[in-house]
Structures are given as C-alpha cells and as structure tokens.
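Subject: Structure for you to look at

Hello,

Here is the structure I said I would pass on. My notes follow below it.

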Amino acid sequence: MVQRFYSVSSVTCRHSNNGIQYVEKAMEQNDLHPAGIVCADMVRAYKPHKELFEKALEISGCTSEEAIHVGDSYQSDVLGAMAAGIRPVLLDRKGSREHLDIARAENLSEVLKLLA
C-alpha cells in the first residue's frame, strides 16, 4: 500500500493497495508530481489503521485539521481518515448515495469545489 500526498490549499491523500512501482508509473503517465510517498511498510499498518494517515501528516508537516483524505472506500479511506482526525471525502463515482453523512464527490473536480 502506498500513500501519495499533494499540496493544494490543504493536503489531500491518495492511497493505493498496488505496489509502489505501479503507482509511480501511473503518476508519471498522468503528469502528477507528489510531494511525498508513504508506504504501509513504513508504519507496518494498512488502511484503515490510523498510523498510515498519521505518517502522511508527519511527512507533509500538516496537522489533521489542515488535511483532507479523498478515497473510494468507506471502510478503508473514510474510517481510517476519521480515526486520525482527518476530514474524509468519499469518492463515489457511481453516485450510489450511500453514507450521506460524509462529504462526497463523484469525481476529483468536485473535490476541488469542496476546498473552496
């Protein structure tokens, strides 16, 4: 599992259960330049354990109040972010309307609107 974070107006997190080489290649192909990488091996924990999220905060230099986490899994992303005190945004590409108590976006452009 790899976590990537980017500087926007706050820190947003990108997680992947794929290997680091796969994620690095995908970032390169999409011309994305992450500010850092957090790997599950660094904290010996996977999502939704808060240690992974806390490591991203440590590396980024942000507090949990300055960060958001965008993810497509309620169990792994939303609950993990909440455990670390990070505001979660559920990426709900299918518009399932589940978990209406959580900020949701159907695409990444909608996430930017939530930051405004």
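**Salt bridges**

The structure holds four salt bridges. Please keep in mind that this is a predicted model. Side chains of opposite charge can pair when their charged atoms come close. Three of the pairs are described here, including D77 with K47, D72 with R93 and D92 with R104.

In the pair of D77 and K47, the closest N and O atoms are 2.8 Å apart. D77 belongs to helix α4, while K47 sits in the loop between α2 (40–43) and α3 (50–60), so this salt bridge ties together parts that are 30 residues apart in sequence. Both D77 and K47 are buried.

D72 and R93 meet through their side chains at 3.7 Å, N to O. This pair links distant parts of the chain, 21 residues apart: D72 is in the loop between β4 (67–71) and α4, and R93 is in the loop between β5 (87–91) and β6 (103–105). D72 counts as exposed because its relative accessibility is 51%, where exposed means over 50%. R93 is exposed too, with a relative accessible area of 56%.

For D92 and R104, the closest N and O atoms lie 2.4 Å apart. Since D92 is in the loop between β5 and β6 and R104 is in strand β6, the pair ties together parts that are 12 residues apart in sequence. Both D92 and R104 are buried.

**Helix α4**

Helix α4 covers residues 74–83, and its buried residues are D77, V78, G80 and A81. They cover an arc of only 165 degrees around the axis, which puts them on the same side of α4. D77 in this group is also the partner of K47 in the salt bridge described above.

What caps the N-terminal end of α4? S73 does, with a side-chain oxygen 3.5 Å from the backbone nitrogen of Q75. Just after the helix, G85 takes a positive phi of about 80 degrees.

**Second largest pocket**

The second largest pocket holds about 170 Å³ of space. Its lining is made up of D72, Y74, L90, L91, D92, R93, K94, S96, E98 and H99. Sorted by class, these are three nonpolar, two polar and five charged residues. Among the lining residues are D72, R93 and D92; D72 and R93 form a salt bridge with each other, whereas D92 forms one with R104.

Regards

Conventions. Residues are numbered from 1 along each chain as its sequence is written. This is a predicted model: local features need pLDDT of at least 70, side-chain atom pairs count only at pLDDT 80 or more; totals for chains, interfaces and linings use all residues. Side-chain values use heavy atoms; hydrogens and water are left out. Buried means under 20% relative accessible area, exposed over 50%, partly exposed in between (1.4 Å probe, protein chains only). Helices (H or I, at least four residues) and strands (E, at least two) are DSSP runs, numbered from the N terminus. The arc is that of the directions from the helix axis to the C-beta atoms. A polar contact is a pair of N or O atoms within 3.5 Å; within protein, one must be able to donate a hydrogen and the other to accept it, and residues adjacent in sequence count only if both atoms are side-chain atoms. On a 1 Å grid over the protein atoms alone, a cavity is a set of points where a 1.4 Å probe fits but cannot get out, and a pocket is an open set with protein on both sides within 12 Å along at least five of seven lines; lining residues have an atom within 4 Å of a point. Grid points are joined across faces, edges and corners, and a volume is the space filled by probe spheres set on the points. Ala, Val, Leu, Ile, Met, Phe, Trp, Tyr, Cys and Pro count as nonpolar, Asp, Glu, Lys and Arg as charged, and the others, Gly among them, as polar.
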